[in-house]
Amino acid sequence: MTLALFDDPPPEPRKAREALGPGACMLPGFALPFVDELLPAIEALTARAPFRHLVTPGGFTMSVALTNCGALGWTSDRHGYRYSATDPASGLPWPPMPDPFMRLAREAAAAAGFSGVSGFAPDACLVNRYAPGARLSLHQDKDERDHGAPIVSVSLGMPATFLFGGLARTDKPARVPLVHGDVVVWGGPDRLRFHGVLPLKDQPHPLASQLGATRINLTFRKAG
Ligand code: SIN
Ligand code: FE2
């Protein structure tokens, strides 16, 4: 009989920065110090601009619920995808980008190497809410005017599997497990890589008492 000592190697310690490409990386737990400020800000902004399930130009209702904050918000209907300065549901401007959102986005971009001339200056933040079963099919973020700025994507709540593909839809995507507090940044040569999220599994997470069985994702962009 052999000892099973080496059958189960201990899990690799999580690195401070996990490269996903020349201009893309995952920053494990980077958002954790911001969470206490993010949660009340999310509550306040969703009271003004509630989550909604948008319809795609093809007529499908998205399984992910969405709202926005910042000068511009992403929206979709039968006529197409676009950024708008007002919430089509209310006709009012989107709630302003909360301070801790902006600080987190800028610090994460800088940590990923996008500190530029004066750093990342997002004018749009999409707030996505996933319930178990919700998914996001492979897509490129290309409705923004400025592809020179990176995308900063923050995961809160339930874990998810992020799909990070190539520049062609048919490139086989890498599967990147994301947990509460992780941040993914992609820009430069990786700015237009296809990406998506596998159907969310109902799993325990550290914020269950506040968020229940949901995952919230914040994506920061320079849209206008
Ligand atoms: C997105 O692609 O806009 C969201 C990605 C995510 O939820 O992690
Ligand atoms: Fe996206």
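**A guided tour of the predicted model**

Begin by selecting Glu144 together with the residues around it. Leaving out residues up to four places away in sequence, Glu144 touches Tyr83, Arg191, Arg221, Lys222 and Ala223. This is a predicted model, and the tour will proceed from this residue to the metal site, then to two further residues, and finally to the chain as a whole.

**Stop 1: Glu144**

Keep Glu144 selected and display its side chain. Glu144 belongs to the loop between strand 7 and strand 8. Is Glu144 buried or exposed? Its relative accessible area is 4%, so Glu144 is buried. Now add the side chain of Arg191: the side chains of Glu144 and Arg191 make a polar contact of 2.9 Å.

**Stop 2: the iron ion**

Next, select the iron ion (ligand 2). Which protein residues serve as its donors? They are His139, through NE2, Asp141, through OD, and His195, through NE2, and they lie 2.1 to 2.2 Å from the iron ion. Along the chain, the donors follow the spacing H-x1-D-x53-H.

Select Asp141 and His195 as a pair. Asp141 is placed in the loop between strand 7 (136–139) and strand 8 (151–157), while His195 is in strand 12 (residues 195–197). The pair therefore ties together parts of the chain that are 54 residues apart in sequence. Colouring these two residues separately from the rest will help the eye to follow the chain between them.

Why is the arrangement around the iron ion (ligand 2) irregular? The four donor atoms subtend angles of 89 to 175°. A tetrahedral arrangement would require all angles to lie between 85 and 135 degrees, so the upper value of 175° does not fit that description.

Then consider how far these two donors are covered by the protein. Asp141 has a relative accessibility of 4% and therefore counts as buried. His195 also counts as buried, because its relative accessibility is 4%.

**Stop 3: Ala112**

Move the selection to Ala112, which is located in the loop between helix 2 (99–111) and strand 6 (124–130). With a relative accessible area of 9%, Ala112 is buried. Which residues are in contact with Ala112, once its neighbours within four places in sequence are set aside? They are Arg17, Cys25 and Val185. Select Ala19 as well: Ala112 and Ala19 are 93 residues apart along the chain, yet their C-alpha atoms are separated by 9.3 Å.

**Stop 4: Thr75**

Proceed to Thr75, which is part of strand 4 (residues 73–77). Thr75 has a relative accessibility of 3% and so counts as buried. Not counting residues up to four places away in sequence, Thr75 touches Leu54, Gly80, Tyr81, Arg82, Ser84 and Pro88. For a distance to check in the viewer, select Thr86: its C-alpha atom is 9.8 Å from that of Thr75, and the two residues are 11 apart in sequence.

**Stop 5: the whole chain**

Finally, clear the selection and show the chain as a cartoon. How many helices and strands does the chain have? Its secondary structure comes to three helices and 13 strands. The radius of gyration is 18 Å, close to the 17 Å given by the globule rule for 224 residues, so the chain is as compact as a globular protein of that length. Taken along the principal axes, its C-alpha atoms fill a box of roughly 70 × 40 × 35 Å.

Of the 224 residues in the chain, 49% are buried. Among contacts with a separation of 6 or more, 73% join residues 24 or more positions apart. A surface display will show the area that the chain exposes, about 11,200 Å², of which carbon and sulfur atoms supply 59%.

Conventions: Residues are numbered from 1 along each chain as its sequence is written. Chains are lettered from A and ligands numbered from 1 in the order in which they are written. This is a predicted model: local features need pLDDT of at least 70, side-chain atom pairs count only at pLDDT 80 or more; totals for chains, interfaces and linings use all residues. Side-chain values use heavy atoms; hydrogens and water are left out. Donors are N, O and S atoms within 2.8 Å of the metal (3.2 Å for Na, K and Ca); water is not among the atoms, so sites may look incomplete. Four donors count as tetrahedral if all angles lie between 85 and 135 degrees; four count as square planar and six as octahedral if opposite donors are over 155 degrees apart and all others between 65 and 115; anything else is irregular. Helices (H or I, at least four residues) and strands (E, at least two) are DSSP runs, numbered from the N terminus. Buried means under 20% relative accessible area, exposed over 50%, partly exposed in between (1.4 Å probe, protein chains only). The radius of gyration is taken over C-alpha atoms; the globule rule is 2.2 Å times the number of residues to the power 0.38. Contact means heavy atoms within 4.5 Å. Accessible areas come from the Shrake-Rupley method with a 1.4 Å probe; for residues, only the protein chains shown count as cover. A polar contact is a pair of N or O atoms within 3.5 Å; within protein, one must be able to donate a hydrogen and the other to accept it, and residues adjacent in sequence count only if both atoms are side-chain atoms.
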